[in-house]
Amino acid sequence: MPMSPAFENRLKAALPRIVETFGTPFHIYDAEGLHQTCELFERAFREIDCREYFAVKALPNPAVMRLLAGHGFGFDTSSISELTLARTAGATGDDMCFTSSNTGAAELAAALDAGAMITVDDEAILATLADRLTVPESLAFRVNPGRSLEGGTNHLFGEPETTKFGVPVDRLVKVCAQARDLGVREIGLHMMMASNVLGPEPLLLTLDLLLEQAREIEDEVGVPVTSLNLGGGIGIPYRPEEEPFDLTAFGAAVRERLTGWSSPRGHARPAIRFECGRYITGPHGALVTRVVNRMDKWRTFVGVDASMVSLMRPALYSWAYHHITAPFAEGRAREVVDVVGSLPENNDRLGRERDLPVLAEGDVLVVHDTGAHGHAMGFNYTGRPRPQELLLHPDGSVELIRRAETERDLFATLDFPPRLLESPAGQGDPG
Ligand SMILES: *Cc1c(COP(=O)(O)O)cnc(C)c1O
């Protein structure tokens with residue numbers, strides 16, 4: 001099921017006023033729903049030592065990040081600007097993880113400087129730390145299981161032995177021994193095999209493999225494994241017929257596995273970490289857009305004032321689906337249409353062959369589940385400014401948490417004659 005009926009109702013009640021005040025298009029996030037998911041997460045893992053480090057790339061907005069930090073979440077970062085955003089949201093030191101992937105010395109230095117916990121993605125990164133920077137006493141390694149986890153991966157990460165991520169599992173003990181010799185006193189293990197999964201199997205396979213590796217490392221290297229990071233990847237039901245991930249049952253299964261594990265050297269059980277993005281914020285965001293054109297040819301095309309600049313996923317991934325509704329046109333006759341943006345890209349469709357009420361210019365459409373990897377993946381191809389972001393508070397008030405880009409922003413890196421920029425660029429992503 002896409003966005004919750006509760007968010008849908010809250011949004012519908014406030015929408016005429018919001019559209020009037022802010023214009024379209026915009027992404028809007030539901031604070032009430034965000035709080036509820038954070039509380040569900042807390043409850044599901046209450047009985048184990050567990051912390052969520054929200055994947056900043058999913059929704060890099062400090063207003064939402066502060067809300068998550070208020071629930072005790074840390075942040076998973078992978079660039080200098082994401083570290084800056086995490087600090088802006090109040091994170092310090094080990095409230096931050098830094099997941100390296102082909103990371104250079106300057107970025108590693110920034111992560112060390114921030115006191116973030118670094119996840120090393122390759123032996124080369126460990127060498128960079130050792131040769132040019134410092135090796136922290138606590139270090140995590142991203143593990144690539146190769147073929148040992150057949151069936152546990154999915155399309156986003158590629159075949160295990162061709163993916164660029166992680167230290168191959170058959171080299172892990174050797175690399176951990178190197179780390180020990182460089183002064184590492186506690187080790188974390190990280191693995192993320194799949195994305196947007198709706199069942200617990202890939203994550204439990206990951207946990208089993210990491211627990212096994214933790215035993216081996218403690219046994220052979222003699223350094224305690226103090227944390228297991230299962231990454232992100234917990235999915236959300238984008239399609240009406242899909243069921244949500246059962247986080248409570250998953251939490252119980254994780255606890256059971258941990259209880260059955262003991263350290264060969266009598267160390268404490270490792271803490272569990274997650275870096276979920278989509279599961280936390282995905283369902284609590286929506287893209288609101290208005291119809292600007294209707295075009296009848298082979299198909300009927302409903303043209304809107306948002307485009308792949310505002311929401312990239314349907315254009316980028318052929319299988320991606322975002323539910324679309326027309327909250328103020330529900331009683332009308334229905335027809336099957338494609339919902340398209342204004343880019344000269346045939347892929348620029350927010351929805352294909354959707355059964356929607358017959359729409360006319362000015363009608364408001366809501367594109368569901370844009371709270372993760374939505375605005376964040378936006379871009380400026382063909383000179384279209386990215387849209388504004390709003391936060392719907394529990395009391396019904398609405399806060400502008402990122403203004404729409406203007407022409408001035410698009411030309412900020414050019415030496416541009418200011419007199420040509422006098423005319424207002426208009427809102428967001430004009431059709
Ligand atoms: C993208 C990513 C995440 C977040 O993924 P979601 O599908 O949004 O949960 C977490 N960890 C790493 C290393 C990632 O690359």
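This tour moves through a predicted model, from one helix to the two domains.

**Stop 1: helix α4**

Select residues 80-88, which form helix α4. Colour E82, L83, L85 and A86. Are these residues buried or exposed? E82, L83, L85 and A86 are buried. Now look down the axis of α4. The buried residues fall within an arc of 160°, so they line one face of the helix. Here is the general idea. An α-helix has 3.6 residues a turn, so residues three or four places apart point the same way.

**Stop 2: around α4**

What covers the buried residues of α4? Show α3 (62-69) and β3 (74-77). Then add β4 (96-99) and α5 (105-114). These four elements are included in the cover. Next, click G90, which follows α4. The phi of G90 is positive, near 105°.

**Stop 3: two domains**

Zoom out. Colour domain 1 (92-276) and domain 2 (283-405) separately. Their centres, taken over C-alpha atoms, are 36 Å apart.

Go to the interface. How many residues of domain 1 are in contact with domain 2? Seven are, and they meet eight residues of domain 2. Together the domains bury about 760 Å². Carbon and sulfur atoms account for 62% of that area. Look for salt bridges across this interface: the rule finds zero.

**Stop 4: an annotated span**

Select residues 283-371. In UniProt, an unreviewed entry places the feature "domain: Orn/DAP/Arg decarboxylase 2 C-terminal" here. Strand makes up 44% of the span, and helix 4%. Finish on the two ends of residues 283-371: their C-alpha atoms lie 6 Å apart.

How values were computed
Residues numbered from 1 in each chain as written. Predicted model: local features only at pLDDT ≥ 70, side-chain atom pairs only at ≥ 80, totals over all residues. Heavy atoms only, no water. UniProt positions renumbered as here; feature names shortened; annotations may be inferred. Buried < 20%, exposed > 50% of the residue type's maximum accessible area, 1.4 Å probe, protein only. Arc of directions from axis to C-beta. Contact = heavy atoms within 4.5 Å. Domains from an automatic or database assignment. Buried area = accessible area lost by both parts, 1.4 Å probe. Salt bridge = Lys/Arg side-chain N within 4 Å of Asp/Glu carboxyl O.
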